Each structure stands twice: as structure tokens, then as C-alpha cells.
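Me: I want to go through the labels on this model. Take each one and set the value against its rule.

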Amino acid sequence: QVQLVESGGGLVQPGGSLRLSCAASGTIFGIHAMGWYRQAPGKQRELVAGITSGGSINYAASVKGRFTISRDNAKNTVYLQMNSLKPEDTAVYYCNARIATPKSSAYDYWGQGTQVTVSS
């Protein structure tokens, strides 16, 4: 059984910073890509940032230059450093990881979501 556990969300003022973490646990043979998605009320879930096992990174245009994704392969953990936050960044943020297990060479797992609210 694989689980993704997220932490680090909360309430922050515009211009502030938050750091999200997502740790994968369970019987894991390897982790391919990891990423962060977000979903605001009334909107579709969208990719915020992704990072491959080789370290290739991509960002949504709306967060480029403000957010930084990184991963610690030894800890099976992905991070999202969010700076210069704006009210439009308010959303539930979800961690995603494509993981190899004894049952599957690649399966997408999701975290439970963590609320990020940017408001004065």
C-alpha cells in the first residue's frame, strides 16, 4: 500500500511564502515523475509543477519565477517552495507521484490535498 502524505498548507498574506512537502511511503520500487497540482473552487485541477526522476522540471506559466519544485529521492519526498504568493494561488494543492510497486511498473498516486489560502 502506497501513501502520499502532504503538509505545509495554510493561510498567508499576499507576497508571503509557503513550503509544501509530500512524502511517499509503502512498498516502493521506484518513483518516476512527481508533481503538484491545484484546484480552485469551480475550476479544473491544473498542473502547477512537475519533476522527473532525472531532474527535468516544468512549471505552469502562472507560477514560473515564483514557485520552485524539488525532490529528495532518498526520502521519497517532493517539495514546492511558493514565494510571492497571490490571491489567485488560493486552491487545494495535491501531490502526485508515478510509482513502481510490486503490482505495477507505473501507477499514479495522489495525496489527500492541502489548502493554501492567500488573503489579507
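Reply: Start with the rule for a disulfide: a pair of cysteine sulfur atoms within 2.5 Å. The model is predicted, so local features need pLDDT of at least 70 and side-chain atom pairs count only at pLDDT 80 or more, while totals for chains, interfaces and linings use all residues. Residues are numbered from 1 along each chain as its sequence is written, and side-chain values use heavy atoms, with hydrogens and water left out.

Me: What makes C22 and C95 a disulfide?

Reply: Their sulfur atoms are 2.1 Å apart. The cut-off is 2.5 Å, so the pair qualifies. By this rule the count is one disulfide.

Me: Why is the disulfide of C22 and C95 called left-handed or right-handed?

Reply: The torsion about its S-S bond is about -80°, so the disulfide is left-handed. C22 belongs to strand β3 (residues 18-25) and C95 to strand β9, so the bond ties together parts 73 residues apart in sequence. Strands here are DSSP runs of E with at least two residues, and helices are runs of H or I with at least four, numbered from the N terminus. C22 and C95 are both buried.

Me: Why is D89 called buried or exposed?

Reply: Buried means under 20% relative accessible area, exposed over 50%, and partly exposed in between (1.4 Å probe, protein chains only). D89 has 1% relative accessibility, so D89 is buried. D89 sits in the loop between β8 (77-82) and β9 (91-100).

Me: What is in contact with D89, leaving aside neighbours within four places in sequence?

Reply: Contact means heavy atoms within 4.5 Å. The partners of D89 are R38, R66, F67, S84, V116 and V118. One of these, S84, lies in the loop between β8 and β9. At 41% relative accessible area, S84 is partly exposed. S84 also has a positive phi of about 50°, although it is not a glycine.

Me: How do you know that β7 and β8 pair?

Reply: Two strands pair if DSSP finds at least two bridges between them. β7 and β8 have six bridges, in the antiparallel sense. S70 stands opposite Y79 in β8. The two strands form a hairpin with four residues between them. In that turn, N76 has a positive phi of about 50°. N76 is partly exposed at 24%.

Me: Which residues form the covered face of strand β7?

Reply: F67, I69 and R71 do, while T68, S70 and D72 form the uncovered one.

Me: Why is I51 called buried or exposed?

Reply: I51 has a relative accessible area of 6%, so I51 is buried. Its place is in strand β5 (residues 46-51). Beyond neighbours within four places in sequence, I51 is in contact with residues including H32, I69 and V78. I51 and H32 are 19 residues apart in sequence, and their C-alpha atoms are 8.8 Å apart.

Me: What makes Y107 and Y109 an aromatic pair, and why is the pair called stacked, tilted or edge-to-face?

Reply: Rings of Phe, Tyr and Trp (its six-membered ring) pair if their centres lie within 6.5 Å; planes under 30 degrees apart are stacked, over 60 edge-to-face, and the rest tilted. The count is two aromatic pairs. Y107 and Y109 have ring centres 5.0 Å apart and planes at 65°, so this pair is edge-to-face. Y107 is partly exposed at 47%.

Me: How do you know that the charge of R45 sits over the ring of W110?

Reply: The rule wants NZ of Lys or CZ of Arg within 6 Å of the ring centre and within 35 degrees of the ring normal. The charged end of R45 sits over the ring, 4.7 Å from its centre. R19 lies over the face of Y79, at 4.1 Å from the ring centre.
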